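Trainee: Hi, do you have a minute to go through this model with me? I'd like to get my bearings before I head back to the bench.

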There are 2 protein chains.
Amino acid sequence: MNTECIFCKIITGELSADKVAESDNIIVIKDKFPKASVHYLIIPKQHYRDLLELDDCSVSGSLIQMARSLSEHNSELRDFKLLINNGYSMGQRVFHVHMHFLAGSKISDFENLI
Amino acid sequence: MNTECIFCKIITGELSADKVAESDNIIVIKDKFPKASVHYLIIPKQHYRDLLELDDCSVSGSLIQMARSLSEHNSELRDFKLLINNGYSMGQRVFHVHMHFLAGSKISDFENLI
């Protein structure tokens, strides 16, 4: 845990967040500034500054498996996008690894970009 | 393997592609229609139509670990974005799981979107 990290504070309960799901090594919260009708953040409970620090394949795999689980349990989330911004120049602002889960309507900014 | 799948044909060598890296369960090729100065596709060798089929945590973890490896071995790839479009309505067009690796300049379409 990093005592200065906002996500670590959410994980320990020091800060509140709108929690969507949880497993032994992952939590999922709603993004406070959603860019889509469904916009979650899938976050490892252990603190990794960025993906270069995340050398545990079971944790990186769990990020994607959590996305599968969210999708499987809600037919409205059948289709989705996963996005990780790694590094400041690529838009990362919270330096605790997190994966954006985007679904539903109102994601026109992302549609068909790739 | 799926005999109709373009990525399976690349993996077996039936179709050519500009290969960037390879591990026991992953290949990385350059995207034929790059949306950034560096635009790779990180692809599991085993055929999974989409993430809902990919129930192997070691494979999903390997996708992200391969991104780490690409970044670690090239200082110009220190910062990057990872994107998976899952499902037709989210832009998936090849139905064999693949993760976009975007880096370098010329990714203004993606910058600061999230």
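Mentor: Happy to. One convention before we talk about charge: Lys and Arg count as positive and Asp and Glu as negative, while His and the chain ends are not counted. Also keep in mind that this is a predicted model.

Trainee: Okay, so how far apart are the mean positions of the positive and negative charges of chain A?

Mentor: They are 5 Å apart, taken over 12 positive and 15 negative charges.

Trainee: Let's back up to the fold. How many helices and strands does chain A have?

Mentor: Chain A has two helices and five strands. Starting at the N terminus, their order is α-β-β-β-α-β-β.

Trainee: And what radius of gyration does chain A have, next to that of a compact globule?

Mentor: The value for chain A is 14 Å, and a compact globule of 114 residues would come out near 13 Å, so the two agree. The box that holds the C-alpha atoms of chain A is roughly 35 × 30 × 30 Å along the principal axes.

Trainee: What share of the residues in chain A is buried?

Mentor: Buried residues are 54% of the 114. The accessible surface of chain A is about 5400 Å², and carbon and sulfur atoms contribute 47% of that.

Trainee: What about contacts between residues far apart in sequence?

Mentor: Take the contacts in chain A with a separation of 6 or more: 53% of them join residues 24 or more positions apart.

Trainee: New topic, cysteines. How many disulfides are there over all chains?

Mentor: The count is zero, with a disulfide taken as two cysteine sulfur atoms within 2.5 Å. C5(A) is in none, and its nearest cysteine sulfur, in C8(A), is 3.8 Å away. C5(A) is also buried, at 6% relative accessible area.

Trainee: Why is C57(B) not bonded to C57(A)?

Mentor: Because the sulfur of C57(A), the closest cysteine sulfur to that of C57(B), is 6.9 Å away, which is too far for a bond. C57(B) is partly exposed, with 27% relative accessibility.

Trainee: Staying in chain B, where does I43(B) lie?

Mentor: I43(B) is in strand β3, residues 38–44. I43(B) counts as buried, with a relative accessibility of 1%.

Trainee: Which residues does I43(B) touch, leaving out those up to four places away in sequence?

Mentor: Among them are I11(B), I27(B), L63(B), V97(B) and F7(B). F7(B) is 36 residues from I43(B) along the chain, yet their C-alpha atoms are separated by 8.0 Å.

Trainee: Helix α2 of chain B next. Is L70(B) buried or exposed?

Mentor: L70(B) counts as buried, at 10% relative accessibility, and it sits in helix α2. Beyond its neighbours within four places in sequence, its contacts include V20(B), V28(B), Y40(B), I42(B) and F101(B). From L70(B) to F101(B) is 31 residues in sequence and 9.4 Å in space, C-alpha to C-alpha.

Trainee: And S69(B)?

Mentor: S69(B) lies in helix α2 too, which spans residues 57–72 of chain B. S69(B) is partly exposed, at 27% relative accessible area. Its C-alpha is 24 Å from that of V94(B), which is 25 residues away in sequence.

Trainee: Last one: which strand holds H100(A)?

Mentor: That is strand β5 of chain A, residues 99–103. H100(A) is buried, with 5% relative accessible area. The C-alpha atoms of H100(A) and I43(A) are separated by 9.0 Å, with their positions 57 residues apart along the chain.

Trainee: Great, thanks for the tour!

Note on methods. Residues numbered from 1 in each chain as written. Chains lettered and ligands numbered in written order. Predicted model: local features only at pLDDT ≥ 70, side-chain atom pairs only at ≥ 80, totals over all residues. Heavy atoms only, no water. Helix = DSSP H or I, 4+ residues; strand = E, 2+ residues; numbered from the N terminus. Rg over C-alpha atoms; globule rule 2.2 N^0.38 Å. Buried < 20%, exposed > 50% of the residue type's maximum accessible area, 1.4 Å probe, protein only. Contact = heavy atoms within 4.5 Å. Areas by Shrake-Rupley, 256 points an atom, 1.4 Å probe, with all protein chains shown as cover. Charge placed at Lys NZ, Arg CZ, Asp CG, Glu CD.
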